[in-house]
Each structure stands twice: as C-alpha cells, then as structure tokens.
Amino acid sequence: MPSLYALKPWYTRRLRLVVDRAVARGTTPDVFTAVGVAGAALAGVALALGWWLPALVLLAVRLAGANLDGAVARARGVSRPWGFVLNELGDRASDLLMLAGLAVLAARTGGDPVAGLTPLDWVLVATVAATLPTFVSLAGAGAGAPRLNGGPLGKTERCALAVLGAAVPALLTPVAVVVVVGSVLTAVVRARRIRHAPGVA
C-alpha cells in the first residue's frame with residue numbers, strides 16, 4: 001500500500017554525500033543509529049513542550065540516522081546480524097521516546113475524553129498499537145520472510161503525525177486514533193504479505 005516509505009530511496013540519494021564521507025572515514029554504522037536515537041530523544045522533549053518546528057527538524061535527524069546506519073553498512077560491506085539487532089533496538093527506542101513526548105504534551109494540555117478515554121489515554125494506546133507492525137515484521141523475519149517496512153502507517157508517518165499533534169494539541173486525540181487504526185491496518189497488511197512470502201506459506 002502507498003506510504004511515505006516509498007520516498008526512502010529518494011531520501012537516501014539526498015544523503016549520499018554523508019554516506020560517501022562515512023565510508024571514506026571508516027565511520028561505523030552504529031554511530032548513525034546513536035544519532036537517530038539522540039534525535040528522537042531531543043524530539044521527544046520538543047514534542048512535550050509543543051515546539052513543533054524543532055520537533056520536525058529533530059525527527060528528520062531521527063529518520064536520517066535510521067536511514068544512514070543501513071546505507072553505510074551496505075556501502076562499507078560491514079552488514080552483520082548484531083547491526084540488525086542494534087538497528088531494531090534503536091528504532092523501537094526512538095519510537096518510544098517520540099511518543100513519550102506526545103504523552104507528556106497530552107498530560108499538559110488535557111482535553112475532553114473521547115469514547116471514555118482522555119487524550120493521554122489515547123496516546124498511550126497509540127504507543128502500544130505502534131509496536132504491532134514491528135512485532136509482525138520481526139516474527140516474519142524469524143520465519144524466513146524478508147524484514148518488511150513501510151505503511152500504510154510506518155515510522156515516517158508516525159513522525160509526521162507527532163509533529164501535527166505538537167503543532168495543534170487539540171488534535172492529539174484524532175492523531176492518536178489515526179496511529180491506532182493505521183498501526184493495526186499496517187500489521188494486517190504485513191501479516192498478509194508474510195503469509196504469502198516464499199518459504200513461509
């Protein structure tokens with residue numbers, strides 16, 4: 001299904017200069033994993049304060065780090081299983097840090113309950129739901145399928161929605177609902193793709 005993940009090759013080309021310099025200097029891909037997590041941590045602080053523009057910039061850093069670690073590993077020919085583990089841990093930590101910032105913002109700004117849940121409750125539900133696509137992808141990878149990414153609601157879309165929630169806190173509940181529904185849909189889409197992957201069916 002269409003998603004912002006389709007822009008990854010374009011984004012990677014924009015970062016080509018960074019990749020080339022990292023290869024020339026022998027920079028380990030793990031540095032970029034750490035940069036991505038640090039960007040997410042600072043973005044979480046910006047989101048908690050409702051500073052959407054710094055959050056936008058810092059989440060772009062988060063996505064760049066997540067993109068560059070794999071790109072540099074491939075360019076240097078140093079891809080390894082432990083790098084895969086670190087990449088996954090970095091991505092999950094980055095998601096949690098970002099959504100923690102939204103949770104703090106929801107607690108600070110309040111709002112009327114929807115379906116019996118406050119905006120904070122909805123953000124917490126969204127935090128749990130956002131893990132579902134990754135669980136499905138990693139289960140599929142463990143069964144021998146390719147590690148699936150993308151949408152309809154992957155990490156790029158979550159970042160965009162987080163910025164929207166910080167820019168307009170009144171929309172935190174709708175944003176969280178979109179994350180919940182989109183995450184469930186993405187998990188289902190990935191599960192169906194894995195079900196029909198060669199060697200899994």
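This short talk describes helix H5 and the parts of the chain around it in a predicted model.

Good morning, colleagues. I shall begin with the helix itself. Helix H5 runs over residues 81–109. Is its length what one should expect of a helix? Let me put that more exactly: what span should its 29 residues have, at 1.5 Å a residue? The expected span is 42 Å, and the end C-alpha atoms of H5 lie 43 Å apart, so the two values agree. After H5 comes Gly110, which has a positive phi, near 65 degrees.

I turn next to the nonpolar interior. The largest nonpolar core of the model has 29 residues. Leu47, Leu59, Met98, Leu102, Val123 and Ala162 are the residues with the most contacts inside this core. Two or more residues are given to this core by each of H3 (29–48), H4 (52–76), H5, H6 (119–129), H8 (155–167) and H9 (172–195). Which element provides the largest share of this core? That element is H5, with 6 residues. As a general remark, nonpolar side chains tend to be buried together in soluble globular proteins.

Leu47 gives a local view of this core. Leaving aside residues up to four places away in sequence, Leu47 touches Ala55, Met98, Gly101, Leu102, Leu105, Ala162, Val163 and Ala166. Apart from the largest core there is another, of 8 residues, including Leu15, Val19, Ala64 and Leu68.

Let us now consider helix H6. The buried residues in H6 are Pro119, Trp122, Val123, Ala126, Thr127 and Ala129. Why may they be placed on the same side of H6? The reason is that they cover an arc of only 165 degrees around the axis. Among the elements that cover these buried residues are H5, helix H7 (132–142) and H9.

The last part of this talk concerns charged residues. The structure holds 8 salt bridges. In one of them, Arg62 pairs with Asp95, and their closest N and O atoms are 3.3 Å apart. This pair links distant parts of the chain, since Arg62 belongs to H4 and Asp95 to H5, with their positions 33 residues apart in the numbering. Are these two partners buried or exposed? Arg62 has a relative accessible area of 1%, under the 20% limit, and is therefore buried. Asp95, at 4% relative accessibility, also counts as buried.

Asp95 has a further partner in Arg92, with a distance of 3.9 Å from N to O. Both residues lie in H5, 3 residues apart, which is about one turn of the helix. Arg92 has 22% relative accessibility and so counts as partly exposed. These residues belong to a network of salt bridges that links Arg62, Glu88, Arg92, Asp95, Arg147 and Arg158.

Asp91, also in H5, deserves a separate word. Its side chain meets that of Lys155 in a salt bridge of 3.1 Å, N to O. Here too distant parts of the chain are linked: Asp91 is in H5 and Lys155 is in H8, 64 residues apart. Both partners are buried, and the relative accessible area of Asp91 is 7%. Which residues does Asp91 touch, not counting those up to four places away in sequence? They are Arg62, Ala66 and Lys155.

To conclude, H5 gives the largest share of the largest core, and Asp95 and Asp91 in H5 form salt bridges with Arg62 and Lys155. Thank you for your attention.

Definitions and conventions: Residues are numbered from 1 along each chain as its sequence is written. This is a predicted model: local features need pLDDT of at least 70, side-chain atom pairs count only at pLDDT 80 or more; totals for chains, interfaces and linings use all residues. Side-chain values use heavy atoms; hydrogens and water are left out. Helices (H or I, at least four residues) and strands (E, at least two) are DSSP runs, numbered from the N terminus. Buried means under 20% relative accessible area, exposed over 50%, partly exposed in between (1.4 Å probe, protein chains only). Contact means heavy atoms within 4.5 Å. A nonpolar core is a set of buried Ala, Val, Leu, Ile, Met, Phe, Trp, Tyr and Cys residues joined through side-chain atoms within 4.5 Å. The expected span of a helix is 1.5 Å times one less than its number of residues. The arc is that of the directions from the helix axis to the C-beta atoms. A salt bridge is a side-chain nitrogen of Lys or Arg within 4 Å of a carboxyl oxygen of Asp or Glu.
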